[in-house]
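Subject: Structure handover and findings

Dear colleague,

Please find below the structure I promised to pass on to you, together with its sequence. My notes on what was found in it follow directly after.

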Amino acid sequence: AKLQAANAVREGARLSAVSWAAADAEDQVRSRVNQGMRSVVHARVAAARISYPGGKEAGQSVQVAVACTYDFFLPVPALVGARTLNCGASASMRLE
């Protein structure tokens, strides 16, 4: 789940880096992140967060993050006290 989250936000940041000026850029990024997170089962996934800390202009950065909590479905981790695992991730890229 952690690997899928990292890949999904990286793809979202990559898309945003080249299409940030489009009117629906944030919707496209959220859609890309959601596609990447579809294969994660037994997890609670929050909506992707997209921010432009330095503003929306070339040379600045975009940050894409997703919060995710993976629920173990096998009893073994519960026996040692682990019931959930944080599988969230974030990525940052420069706007082109």
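A disulfide, as the word is used here, is a pair of cysteine sulfur atoms within 2.5 Å, and in general terms it is a covalent bond between the sulfur atoms of two cysteines. Please keep in mind throughout that this is a predicted model. With that cut-off, a search of the whole structure finds one disulfide, and the bond in question joins C68 to C87, with an S to S distance of 2.0 Å. The torsion about the S-S bond of C68 and C87 is about -60°, and the disulfide is therefore left-handed. The two cysteines come from distant parts of the chain, since C68 sits in strand 4 while C87 belongs to the loop between strand 5 and strand 6 (89–94), and they are 19 residues apart. Both C68 and C87 are buried.

Turning to the overall make-up, the protein chain contains three helices and six strands, and, read along the sequence, these elements follow the pattern α-α-β-β-β-β-α-β-β. Of the 96 residues in the protein chain, 31% are buried. The accessible surface of the protein chain comes to about 5,600 Å², and carbon and sulfur atoms account for 53% of that area. If one takes the contacts in the protein chain between residues at least 6 apart in sequence, 62% of them join residues at least 24 apart.

The strands can be described sheet by sheet, beginning with the one that involves the half-cystine in strand 4. This is an open sheet of three strands in the order 1-4-5, with antiparallel pairing. Its edge strands are strand 1 (43–45) and strand 5 (84–86), each of which pairs on one side only. Neighbouring strands of this sheet are turned by 20° against each other on average, with direction ignored. Within the sheet, strand 4 (residues 68–71) and strand 5 pair in the antiparallel sense over three bridges, and T69 stands opposite N86 in strand 5.

There is also an open sheet of three strands in the order 2-3-6, again with antiparallel pairing. Strand 2 (49–51) and strand 6 stand at the edges of this sheet with a single partner strand each, so one side of each is left without a neighbour in the sheet. Here the neighbouring strands are turned by 15° against each other on average, direction ignored. Strand 2 and strand 3 run antiparallel and are joined by three bridges, and I50 has V64 as its bridge partner in strand 3. Strand 3 and strand 6 likewise run antiparallel, and six bridges join them. For orientation along this pair, S61 stands opposite R94 in strand 6, while A65 stands opposite S90 in strand 6.

As for the packing of helix against sheet, helix 1 lies across strand 3 and strand 6, and it runs at about 25° to strand 6. S16, which lies in helix 1, is buried, with a relative accessible area of 0%. Leaving aside its neighbours within four places in sequence, S16 is in contact with V29, Y52, V62 and L95.

Which residues touch the most other members of the largest nonpolar core? In this core of 22 residues, they are V33, M37 and V64. Helix 1 (2–19), helix 2 (25–37), strand 3 (61–66), strand 4 and strand 6 each supply at least two residues of the core, and the largest share, five residues, comes from helix 1. V64 has already appeared above, as the residue of strand 3 that is the bridge partner of I50. M37, for its part, is in contact with Q4, A5, A8, V45 and C68, once its neighbours within four places in sequence are left aside. One of these contacts leads back to the starting point of this message, as C68 is a partner in the disulfide with C87.

With best regards

Technical notes:
Residues are numbered from 1 along each chain as its sequence is written. This is a predicted model: local features need pLDDT of at least 70, side-chain atom pairs count only at pLDDT 80 or more; totals for chains, interfaces and linings use all residues. Side-chain values use heavy atoms; hydrogens and water are left out. Two strands pair if DSSP finds at least two bridges between them. Helices (H or I, at least four residues) and strands (E, at least two) are DSSP runs, numbered from the N terminus. Axes are lines fitted to C-alpha atoms, for helices over the stretch in contact, and angles run from 0 to 180 degrees between N-to-C directions. Buried means under 20% relative accessible area, exposed over 50%, partly exposed in between (1.4 Å probe, protein chains only). Contact means heavy atoms within 4.5 Å. Accessible areas come from the Shrake-Rupley method with a 1.4 Å probe; for residues, only the protein chains shown count as cover. A nonpolar core is a set of buried Ala, Val, Leu, Ile, Met, Phe, Trp, Tyr and Cys residues joined through side-chain atoms within 4.5 Å.
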